[in-house]
Amino acid sequence: MESIAPPSKGSIANLSPDVLETPPLSLGQLTWRRFRRHKMANFGAIMLILLVLYAFGGAFVFSEAYANKTETGARLQAPSREHPFGTDTVGRDILARTIYGGQISILIGLTAMLVELVIGVTVGAISGFFGGLIDSLLMRITEAVIVIPQIFLLLVMAKYFAASIPNITILGRTFSGSVVVIILVIGVTTWPYLARIVRSQFLSIKENDFILAARATGTSTSEIIFRHILPNSIAPIIVSGTLSVASAITLEAYISFLGLGVRPPTATWGNMLEGAYNYIETAWWLWFFPGALIALIVLSINFVGDGLRDALDPHSRAI
Amino acid sequence: MNRRQVILDLKDLRTRFHIAEGTVYAVNGVSLTLHECETIAIVGESGCGKSVTMLSVMGLIPVPPGEIVSGQAFYRGRDLLAMSEAEMEHIRGKELAMVFQDPMTALNPVLTIGRQISEPLRVHLNMDHATAQQRVVELLEQVGIPDPKNRMNDYPHQFSGGMRQRAMLAMALACAPSVLIADEPTTALDVTIQAQIIELVTRLRDALCMAVIWITHDLGVVAGLAERVIVMYAGLVVEEASVDELYDDPRHPYTLALLAALPRIDRRRDRRLKSIPGAPPNLLVMPHGCPFAPRCEFVFDRCRAETPPLLPVAIEHRARCWYDVVNGKPFE
């Protein structure tokens, strides 16, 4: 053993990285780099930013009162200089309504995603980490929610709860209570898929040596769940969260189209379609503008989600 | 005689795993003592219960499927096996620290090295961020990581295997534990790095007066490191002696066979190394008689019928065998 030199400063100096070597990139930097090279994702991201600017910036041009103002004399007008997107069946300006409707649609998408994340991640994490009886119980509940057709559940819940919530005022704006109902209903029906993803992540990550090592240093269970396992499973959660914004917007449009979603006068891209089917041939502008906006936002969110999936994949060697 | 104080006293530990195929009798009554500042080595083939013994002591056996059937592990007089999980969390990483075999997987890939080393500092010593950062730099310096101020912000994938094992050591040593359990810490490393890590542990052990339990299957590593050696087979201690005594005067046929399988610089080179025929026993069956009997060259009737006790064969030297290999005949 005498032959081994004590590791003085000099003898280990050769372990230090070459000064010319480029500094290693962190996980975030790598992800950003890969994302930037993904053409469709870039297109999606730019489109998404433009849509958000449209919905939230447009509010400075038109007031909400204008968007909700009915003018029976000017109903079903084709796009013109005064009403670029035309007017609807009660004479409201469609351009202004797509702006305010966009806000609600985007908010519903984001908050429904948050509800889904909170329930899905909690259920999946508890189930995957603790296993055993708790796992069986939670997974049976999850399956129970999955086996009920989602649309059916959505419609029943929307109809059942819609009347019971009064209007609410947030940030000086009044929302129809049905907005909250829709958010909760979408969140409560979409979490099972996320819960399964998170559960499978937890099942595999908790078996890693570094979890054992963390326990061996006295780390508590909650720290292991939140600081060690969750950050390791963040990639699929982000991707699934992104995509669920798109699906929440679609679902909202779907139930609103059937007349069970957000109640007028609060506009959403979905409820602007309600009733438009009577005018498919005679007044195309009724369905074209909100429909196109829904299609665009869903498409661009899906592109972004796709790009994120590739960028966050640790096995992806593309830099 | 050893006049230092006993710091860890393990008595008759039995650990089992209940799996679909039946019950795995992993540890079948292990007793050992560890004194302050002492280094002991636990050697044996894969699957002979070395790691399970130590994981049981640390309370890291998953229950179920694991079950600690009996035994006590007194750490400074307190039984670790009787402690609640909350009490153990205060012991783990503070009093007893552990280093694992594969440094490539034992660090969390998404947290920085500094963040992981500061974890025990935050958990056990309630250090604030700045103090902890400062201590991390000291620790990294102590284990020989160059440029610790910058390297602590690196992620594990930016470290080499040897550096990761050094970081693991820094993490284990953060709270200056009294006992360091090293579970084959050099197996995954190449020999030069292995030598560096061993040298580092020896140096830190002497500086901190830390007791070390070094689990390994490499008898060559043991020679320069440990004071006492415990040889395990099929979840049993089969021989226990000081390191010199074990090499000069091995008494258990298994130890003899292990040493015969080891290349030695002071031995003739034209002789072939001997391998041990057969495989370790299937622990799904409770060993009946001496577990080494099927592979033993000195086996006789009594071996198959009765499990031998750990018999004293010399001063501070015990072996679990019915056969006296020195005189070439069974004990009376």
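Two strands pair if DSSP finds at least two bridges between them. With that in hand, the strands of this predicted model can be followed one by one. A good place to start is strand β10 of chain B, where B:Leu236 is the bridge partner of B:Tyr233. This couple belongs to a set of 6 bridges that join β9 (residues 228-233) to β10 (residues 236-242) of chain B, and the two strands run antiparallel.

Both strands are part of a wider arrangement. In chain B, an open sheet of 8 strands is laid out in the order β6-β7-β8-β3-β9-β10-β12-β11, and its pairing is mixed. At the margins of this sheet lie β6 (96-99) and β11 (311-314) of chain B, each of which pairs on one side only. From one strand to the next, the twist averages 25 degrees. A helix also rests here: α6 (residues 161-173) of chain B packs on the sheet and touches β6 and β7 (179-183) of chain B. The direction of α6 makes about 170 degrees with that of β6(B).

Chain B holds another sheet as well. Open and made of 4 strands, it follows the order β2-β1-β4-β5 with antiparallel pairing. Its edge strands are β2 (22-35) and β5 (78-79) of chain B, and each of these pairs on one side only. Strand β1 (residues 6-19) of chain B is joined to β2(B) in the antiparallel sense by 11 bridges. The strand β1(B) also pairs with β4 (residues 66-75) of chain B, again in the antiparallel sense, over 8 bridges. One residue shows both partnerships nicely: B:Leu10 has B:Leu32 as its bridge partner in β2(B), and B:Ala73 as its bridge partner in β4(B).

The other end of this sheet is a short step away in the description. Strands β4(B) and β5(B) pair in the antiparallel sense over 2 bridges, with B:Phe74 standing opposite B:Asp79 of β5(B). The hairpin formed by these strands has 2 residues between them, and in it B:Arg76 takes a positive phi near 45 degrees.

Stepping back to the whole of chain B, its secondary structure comes to 11 helices and 14 strands. The C-alpha trace spans about 65 × 50 × 45 Å along its principal axes. A compact globule of 332 residues would have a radius of gyration near 20 Å, and the 21 Å of chain B agrees with this. Of those 332 residues, 47% count as buried. Among contacts in chain B with a separation of 6 or more, 65% come from residues 24 or more positions apart.

Helix α10 (residues 253-260) of chain B gives a local view of this burial. Within α10(B), B:Pro253, B:Tyr254, B:Thr255 and B:Leu258 are buried. The buried residues of this helix pack against α8 (219-223), β9, β10, α9 (243-248) and β13 (323-324) of chain B. The strands β9 and β10, met at the outset through their 6 bridges, thus reappear here as packing partners of α10(B).

Chain A is built along other lines, with 12 helices and 2 strands. Along the sequence, the pattern reads α-α-α-α-α-α-α-β-β-α-α-α-α-α. Buried residues make up 38% of the 319 residues in chain A. Where contacts in chain A link residues at least 6 apart in sequence, 71% of them join residues at least 24 apart.

A single glycine illustrates such contacts. A:Gly307 lies in helix α12 (residues 285-312) of chain A. This residue counts as buried because 25 C-beta neighbours lie inside 10 Å, where the cut-off is 20 or more. Leaving aside residues up to four places away in sequence, A:Gly307 touches A:Phe35, A:His38, A:Met40, A:Ala41 and A:Gly44. The C-alpha atoms of A:Gly307 and A:Thr31 are separated by 9.7 Å, although 276 residues apart along the chain.

Finally, the two chains meet. The contact takes 31 residues from chain B and 24 residues from chain A. On the side of chain B that touches chain A, at least two residues are supplied by each of α2 (85-91), α3 (113-125), α6 and α7 (191-208) of chain B. By class, that side of chain B has 15 nonpolar, 9 polar and 7 charged residues. Helix α6 of chain B therefore appears in two settings, packing on the 8-stranded sheet and supplying residues to the side that touches chain A, under the run-based naming of helices.

Technical notes. Residues numbered from 1 in each chain as written. Chains lettered and ligands numbered in written order. Predicted model: local features only at pLDDT ≥ 70, side-chain atom pairs only at ≥ 80, totals over all residues. Axes fitted to C-alpha atoms, helices over the stretch in contact; angles between N-to-C directions. Contact = placed C-beta atoms within 7 Å. Nonpolar A, V, L, I, M, F, W, Y, C, P; charged D, E, K, R; others polar. Rg over C-alpha atoms; globule rule 2.2 N^0.38 Å. Buried ≥ 20, exposed ≤ 12 C-beta atoms within 10 Å, placed from the backbone.
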